[in-house]
Amino acid sequence: MDYTIFAVIIFVVALLVVGGAFLIRPRRPEAPPEEREGGPAGTTTAEPDEEVAERERAPAPEAAPAAPEIETPPPSAGRLVRLRARLARSQNVFGQGLLSLLSSDRLDETAWEEIEDTLITADVGVTSASQIVDGLRTKVKVLGSRTPEEVRGLLRSELLQHITTDQDRTVHTEPHPAAPAVIMVVGVNGTGKTTTAGKLARVLVGDGRSVVLGAADTFRAAAADQLETWGSRVGAPVVRRDEGADPASVAFEAVSRGMDDGADTVIIDTAGRLHTKTGLMDELGKVKRVIEKKTQVADVLLVLDATTGQNGLRQARVFAEVVDISGIVLTKLDGTAKGGIVIQVQRELGVPVKLVGLGEGPDDLAPFDPEAFVDAILDDQAAQ
Ligand SMILES: Nc1nc2c(ncn2[C@@H]2O[C@H](COP(=O)(O)OP(=O)(O)O)[C@@H](O)[C@H]2O)c(=O)[nH]1
Ligand SMILES: [Mg+2]
């Protein structure tokens with residue numbers, strides 16, 4: 001009887017020892033995930049039971065408290081060149097349409113009307129379209145016969161003339177001696193304000209600057225969460241308050257934080273509800289005034305969704321009336337062939353396009369450069 005109990009105990013101890021040996025055996029490095037997932041779909045690679053058990057018992061590597069990974073975004077230089085293919089792809093219909101019309105042997109009234117229509121369809125605006133056609137007609141007359149290169153050359157110079165302004169296109173992100181540069185981002189909901197604020201923070205961090213983000217869109221908590229995601233990816237602190245808090249006080253706090261931290265630039269994201277014009281004016285006006293108690297606002301960037309055409313432009317005009325806009329960010333140019341909006345918005349608002357958004361990716365924001373823009377419109381090669 002006692003013997004039996006003794007034998008059972010020995011057996012259990014032996015089992016534990018053998019099991020323990022498996023546990024303390026050094027783990028073999030796991031195969032990279034690609035290799036394990038490499039088999040054809042629906043099949044699984046057979047593994048020895050012991051190996052499976054071992055993996056299950058071993059603490060998962062993810063279990064260790066992971067330090068938040070901070071990305072190092074690429075510097076901003078050469079952005080538009082990198083994104084040029086994307087621009088060419090979206091604007092090619094516009095550019096190639098104009099080039100082929102202009103290259104036709106006989107440029108009669110109908111052909112000129114078609115050229116004007118193509119420009120209007122691309123959102124150049126009626127006034128600019130007719131001016132561009134007039135300019136082209138004069139140049140074509142002077143030129144006489146036209147080679148494809150000449151056609152391209154004259155269209156290029158005509159478009160450039162309408163896109164170029166003598167206004168400053170730099171975003172003023174350089175800090176003052178005792179205060180950071182403050183950038184306000186305004187515009188209608190859904191145009192890409194928060195995304196632009198996040199992308200701009202990345203550009204600046206990539207260029208070696210320190211940035212504080214202010215979530216002054218307090219209308220929805222999700223807006224602050226969205227900004228926080230952008231900030232955390234590049235290690236930029238985000239100043240936020242509860243949903244419904246006063247946007248101006250968030251902006252004030254963000255600027256104070258920027259000063260305390262000795263940050264270079266503070267970017268304030270705002271709400272874009274078009275409730276009433278007075279409501280909007282009160283809110284944005286107050287945000288700006290409160291910031292100005294600390295330091296001047298270096299730039300007020302109006303974000304405009306290039307896919308929204310005349311409707312978007314109408315709404316942008318309301319913003320321009322309630323707050324002094326110093327630059328335009330034209331987003332979603334990747335999603336429309338209507339790049340002519342650059343000409344129209346600058347003309348309508350009298351403010352230069354400073355940045356363009358060319359995708360949802362974190363680094364798809366570029367400084368606007370008229371020459372690179374026109375070249376992308378006209379260059380069919382870049383679209384390949
Ligand atoms: N394709 C494309 N999508 C963009 C661009 N900029 C912003 N978006 C998208 O537009 C949507 C609205 O952006 P969000 O920043 O939340 O707009 P907000 O309401 O003005 O803050 C999001 O899905 C963005 O990813 C852009 O340049 N290209
Ligand atoms: Mg937003």
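In this predicted model, helix α9, which spans residues 193-206, gives the most to the shell around ligand 1, contributing three residues. The shell as a whole holds 19 residues, and the closest to ligand 1 are Gly-192, Lys-193, Thr-194, Thr-195 and Gly-357. Sorted by class, the surroundings of ligand 1 comprise twelve polar, five charged and two nonpolar residues.

Stepping back to the whole protein, the secondary structure consists of 15 helices and eight strands. Of the 384 residues, 40% are buried. Among contacts with a separation of 6 or more, 77% link residues that are 24 or more positions apart.

The strands are a good place to begin reading the fold. In general, strands of a sheet pair through backbone hydrogen bonds, in either a parallel or an antiparallel sense. Here, eight strands make up an open sheet with mixed pairing, in the order β3-β2-β4-β1-β5-β6-β7-β8. Its edge strands are β3 and β8, each of which pairs on one side only.

Towards the β3 end of this order comes β2. Strand β2 (residues 211-216) is mostly covered, with six of its six residues buried. Both of its faces are covered: Val-211, Leu-213 and Ala-215 are buried on one side, and Val-212, Gly-214 and Ala-216 are buried on the other. What are the partners of β2? Strand β4 (residues 265-270) runs parallel to β2 and is joined to it by six bridges. Within this pairing, Leu-213 stands opposite Ile-267, while Ala-216 has Thr-270 as its bridge partner. The other pairing described here is with strand β3 (residues 238-239), again in the parallel sense, over two bridges. There, Gly-214 is matched with Val-239. To get from β2 to β3 the chain passes through helix α10 (residues 221-234), making a right-handed β-α-β crossover.

Pro-237 sits in the loop between α10 and β3. Is Pro-237 buried, partly exposed or exposed? Pro-237 counts as partly exposed because it has 18 C-beta neighbours inside 10 Å, whereas a buried residue needs 20 or more. Pro-237 lies 25 residues from Val-212 in sequence, yet their C-alpha atoms are 5.3 Å apart in space. Beyond its neighbours within four places in sequence, Pro-237 is in contact with Val-212, Gly-231 and Arg-257.

A similar reading can be made at the other end of the sheet. Strand β7 (residues 353-357) has five of its five residues buried, so the rest of the structure largely encloses it. Strand β6 (residues 327-331) pairs with β7 in the parallel sense over three bridges, and Val-329 stands opposite Leu-355 in β7. The connection from β6 to β7 runs through helix α14 (residues 341-349), and this β-α-β crossover is right-handed. Strand β8 (residues 365-367), by contrast, runs antiparallel to β7, to which it is joined by three bridges. Leu-355 has Pro-367 as its bridge partner in β8.

The interior can be followed through its nonpolar residues. In soluble globular proteins, nonpolar side chains tend to be buried together. The largest nonpolar core in this model has 94 residues, and those with the most contacts inside it are Ala-201, Ile-268 and Leu-330. Strand β5 (residues 297-305) supplies the largest share of this core, with seven residues. Which residues does Ile-268 touch, leaving aside its neighbours within four places in sequence? Its contacts are Val-182, Ile-183, Met-184, Val-185, Gly-214, Ala-216, Ala-251, Ala-254 and Val-287. Two of these, Gly-214 and Ala-216, have already been met among the buried residues of β2.

Two details of the backbone round off the picture. Most residues other than glycine have a negative phi. Asp-123, however, has a positive phi, near 65°. Asp-123 belongs to the loop between α6 (109-121) and α7 (126-143), and is buried because 26 other C-beta atoms lie within 10 Å. Lys-332 also has a positive phi, near 60°. Its place is the loop between β6 and α14, and Lys-332 is buried because 21 other C-beta atoms lie within 10 Å.

Notes: Residues numbered from 1 in each chain as written. Chains lettered and ligands numbered in written order. Predicted model: local features only at pLDDT ≥ 70, side-chain atom pairs only at ≥ 80, totals over all residues. Helix = DSSP H or I, 4+ residues; strand = E, 2+ residues; numbered from the N terminus. Buried ≥ 20, exposed ≤ 12 C-beta atoms within 10 Å, placed from the backbone. Contact = placed C-beta atoms within 7 Å. Near = placed C-beta within 6 Å. Nonpolar A, V, L, I, M, F, W, Y, C, P; charged D, E, K, R; others polar. Pairing = 2+ DSSP bridges. Right-handed = clockwise from strand over helix to strand, strands pointing away. Core = buried A, V, L, I, M, F, W, Y, C linked by C-beta atoms within 7 Å.
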